[in-house]
Amino acid sequence: MGELVHEVLAGQEAWFVGGAVRDELLGRPIVDVDVVCSDPAAAARAYAKRSGGFPFALSEQHSSWRVVLDGRRTVDFTPVHGSIESDLARRDFTVNAIAIPVDGGEHVDPSGGREDLQLRLLRAVSETIFEDDPLRLLRAVRLEEELGFRLAPLTEELVRKQSQLVAKAAGERVVAELGRMTAAGYRRLDELGLLRSLGGTIDERLDAADSPRYRLVAVFKDQVRRLRVSAETRRYARALLAAERPADASGRAIHRFRRSTEPWAVDALAFLAAPELVPAVEHARAADFAEPLVRGDELGLPPGPEVGRLLDLIAEERAVGTISTRAEALELARREARK
């Protein structure tokens with residue numbers, strides 16, 4: 001990606017900046033590239049034409065453009081704000097405030113980011129970074145985890161002092177950052193006072209399952225509805241929050257539990273602190289039938305809730321082994337429909 005950027009911007013004042021520079025200095029894989037230049041729109045279109053990527057305006061307010069490449073890799077082009085030094089002074093942490101001229105040359109590192117890379121510290125570029133963008137409070141913890149760094153003492157003090165600002169961050173961006181947190185990251189958020197400001201609490205359920213969506217529900221519980229999550233995550237949260245622990249591992253109890261929690265029954269058991277019932281759920285899943293014994297239009301009843309009730313009853317009795325044929329299913333429906 002870097003060679004093509006050089007070709008597109010040859011002879012112009014432009015710099016590689018941000019995480020790509022940091023990761024190159026750390027010897028980490030580079031996935032996304034950030035470039036500052038005088039004309040981001042023209043640079044993005046030229047880059048997209050040569051790379052076969054798709055260009056679009058990332059922020060009309062800030063004149064930023066993005067080119068999306070195969071494999072979800074991206075190259076962002078943003079305008080330089082004044083000099084490159086003043087541009088870097090607007091960034092979040094010193095390790096992200098290093099620039100390399102696209103045409104080659106010395107690193108531009110006005111805030112000592114390379115030294116902090118060696119020290120493995122995240123240090124704020126200025127005391128206003130969290131006021132400028134409250135999401136950086138979450139990013140600080142996420143970068144601690146991803147890079148294996150720690151907050152510099154004065155920066156950690158600043159995070160604690162301004163933790164309440166995190167509630168002002170854009171909702172969808174908050175969820176995106178939380179989605180990259182491990183259980184340890186959530187504990188660090190709690191330690192710094194950030195989790196409380198977002199409405200989350202930690203208990204023993206946090207470690208019961210290992211998925212971003214599960215951790216979100218385990219930490220925020222019914223407060224998930226206040227977060228800007230997807231419709232699928234809302235359904236997932238409702239299933240876990242409404243789940244009731246099965247009375248036992250019998251086929252009937254597990255079937256009823258699965259009916260209200262699938263396809264997330266195992267996660268629901270984790271949320272209910274009932275991991276001992278996971279084998280029963282997995283056994284039931286393995287025994288699921290490919291086709292129903294009967295369809296609703298074969299019951300001889302008008303469409304409505306009664307049809308759904310009878311189909312559920314037939315499925316349950318089949319699951320526990322009391323019926324196994326279409327004739328038995330229809331007979332059960334006839335008997336139950338009279339009640």
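**Exercise 1. Strand S5 and its partners**

Starting from Val-68, identify the residue that it stands opposite in S5, and then establish in which sense S4 and S5 pair.

*Solution.* Val-68 stands opposite Thr-74 in S5. The model is predicted, so that local features need pLDDT of at least 70 and side-chain atom pairs count only at pLDDT 80 or more, while totals for chains, interfaces and linings use all residues. Residues are numbered from 1 along each chain as its sequence is written, and side-chain values use heavy atoms, with hydrogens and water left out.

Step 1 places the strands: S4 covers residues 64-68 and S5 covers residues 74-79, where strands (E, at least two residues) and helices (H or I, at least four residues) are DSSP runs numbered from the N terminus.

Step 2 takes the pairing, for which DSSP must find at least two bridges between two strands; S4 and S5 pair in the antiparallel sense over 4 bridges. The hairpin that they form has 5 residues between the strands, and in it Gly-71 takes a positive phi near 75 degrees.

Step 3 turns to S2 (residues 33-37), which pairs with S5 in the parallel sense over 5 bridges; here Asp-34 has Asp-76 as its bridge partner in S5.

Step 4 considers accessibility: 5 of the 6 residues of S5 are buried, and the strand is thus described as mostly covered, with buried meaning under 20% relative accessible area, exposed over 50%, and partly exposed in between (1.4 Å probe, protein chains only).

**Exercise 2. The whole sheet**

In what order do the 6 strands of the open sheet stand, and which strands are at its edges?

*Solution.* Step 1 gives the order, S3-S4-S5-S2-S1-S6, with mixed pairing. The edges are taken by S3 (54-59) and S6 (100-101), and because each has a single partner strand, one side of each is left without a neighbour in the sheet.

Step 2 looks at S1 (residues 14-17), which pairs with S2 in the antiparallel sense over 4 bridges, Phe-16 standing opposite Val-35 in S2.

Step 3 adds the helices that pack on the sheet. Helix H2 (residues 19-26) touches S1, S2 and S6, and its direction makes about 60 degrees with that of S1; helix H3 (residues 40-51) touches S2, S3, S4 and S5, its direction making about 10 degrees with that of S4. Axes are lines fitted to C-alpha atoms, for helices over the stretch in contact (heavy atoms within 4.5 Å), and angles run from 0 to 180 degrees between N-to-C directions.

**Exercise 3. Salt bridges**

Determine how many salt bridges the structure holds, and characterise the pair of Arg-139 and Glu-177.

*Solution.* Step 1 is the count: there are 38 salt bridges, each being a side-chain nitrogen of Lys or Arg within 4 Å of a carboxyl oxygen of Asp or Glu.

Step 2 examines Arg-139 and Glu-177, whose closest N and O atoms are 3.9 Å apart. This pair links distant parts of the chain, 38 residues apart, with Arg-139 in helix H7 (residues 136-147) and Glu-177 in helix H9 (residues 171-178). Arg-139 counts as buried because its relative accessibility is 16%, and Glu-177 is likewise buried, at 6%.

Step 3 takes a pair within one helix: Glu-232 and Arg-235, with 2.6 Å between the closest N and O atoms, both lie in helix H13 (residues 231-242), 3 residues apart, or about one turn of the helix. Glu-232 is partly exposed at 33%, and Arg-235 is partly exposed at 39%.

Step 4 widens the view to a network, in which salt bridges that share partners join Asp-92, Arg-139, Arg-142, Glu-146, Glu-177 and Arg-180.

**Exercise 4. Contacts of Val-175**

Which residues is Val-175 in contact with, leaving aside its neighbours within four places in sequence?

*Solution.* Step 1 locates Val-175 in helix H9, where it counts as buried because its relative accessibility is 18%.

Step 2 lists the contacts, which are Leu-227, Arg-228 and Val-229; for Arg-228, 53 residues away along the chain, the C-alpha atoms of the two residues are separated by 6.7 Å.
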